[in-house]
Amino acid sequence: MKLSRIIIYIFLIFFTGFFLLHFVKREIKDLNETSKVEKIKYNLRELRIALDEYYKVAGKYPNLTETGVENNLKLLDYYDEKGNLISFEQIYGKNKISSTPEFSKYLSNNRVYDMNDFTKGSNIGGWNYNYSEQTGEIHVNLPMEAFNQKIDWQRQ
């Protein structure tokens, strides 16, 4: 009788421990994803503000899709006809474009892709930007199922 109770108690402890471990592991994953989503949204907001500020100064949007610009924003610097330095780097406050973070099957990516149909992005991270039509519209280049929250990045 005593041995069967001990076996039952051991089984209950093992089952409870397994359940708690699974629950905690899932919660940690959710917290990790949430922090990455918040970071992406923050970076997107920063980019949009800098693009709007740049447009106010330059009267056009910068070509963030140009090769190498994502890692060296100084390449966009120029002087206007009055001799004023127009610098996206200074307006943005960073010397390179922020990356979407590495997670799951996605690598960290700060590339900017020129496109006007945001539903046709490559969904590999980085940013989709409508430079060719000079709209200044920019979105995250990730699929909706990238995170558990199912975020439609083309609508963000």
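Visitor: Before we look around, what counts as a helix or a strand here?
Guide: Helices and strands are DSSP runs, numbered from the N terminus. A helix needs at least four residues. For a strand, the minimum is at least two.

Visitor: Thanks! Where does N123 lie?
Guide: This is a predicted model, so let's go by its elements. Two strands flank the spot: β3 covers 112-114, and β4 covers 127-129. N123 is in the loop between β3 and β4.

Visitor: What is the phi of N123 near?
Guide: Most residues other than glycine have a negative phi. N123 goes the other way: it isn't a glycine, yet its phi is positive. The value is near 60°.

Visitor: Is N123 buried, partly exposed or exposed?
Guide: Buried means under 20% relative accessible area, and exposed means over 50%. N123 has a relative accessible area of 26%. That falls in between, so N123 is partly exposed.

Visitor: Which loop holds Q134, and what is its phi?
Guide: Q134 is in the loop between β4 and β5, with β5 running over 138-140. Q134 isn't a glycine, but its phi is positive all the same. The angle is about 55°.

Visitor: How does Q134 rate, buried or exposed or partly exposed?
Guide: Use the cut-offs again: under 20% is buried and over 50% is exposed. The relative accessible area of Q134 is 31%, so Q134 is partly exposed.

Visitor: Which side chain does the side chain of E133 make a polar contact with?
Guide: E133 is in the loop between β4 and β5, and with 46% relative accessibility it counts as partly exposed. Its side chain makes a polar contact at 2.8 Å. The partner is the side chain of N116.

Visitor: What separates the C-alpha atoms of E133 and Y61?
Guide: Along the chain, E133 and Y61 are 72 residues apart. In space, their C-alpha atoms are separated by 9.7 Å.

Visitor: Stepping back, in what order do the elements of the protein run?
Guide: The protein has two helices and five strands. Reading from the N terminus on, the order is α-β-β-α-β-β-β.

Visitor: In which helix is confidence highest?
Guide: Over the protein, the mean pLDDT is 85, and 84% of residues reach 70 or more. Confidence is lowest in helix α1, residues 2-58, at a mean of 77. At 97, the highest is in residues 88-92, helix α2.

Technical notes: Residues are numbered from 1 along each chain as its sequence is written. This is a predicted model: local features need pLDDT of at least 70, side-chain atom pairs count only at pLDDT 80 or more; totals for chains, interfaces and linings use all residues. Side-chain values use heavy atoms; hydrogens and water are left out. Buried means under 20% relative accessible area, exposed over 50%, partly exposed in between (1.4 Å probe, protein chains only). pLDDT is the predictor's confidence in each residue, from 0 to 100. A polar contact is a pair of N or O atoms within 3.5 Å; within protein, one must be able to donate a hydrogen and the other to accept it, and residues adjacent in sequence count only if both atoms are side-chain atoms.
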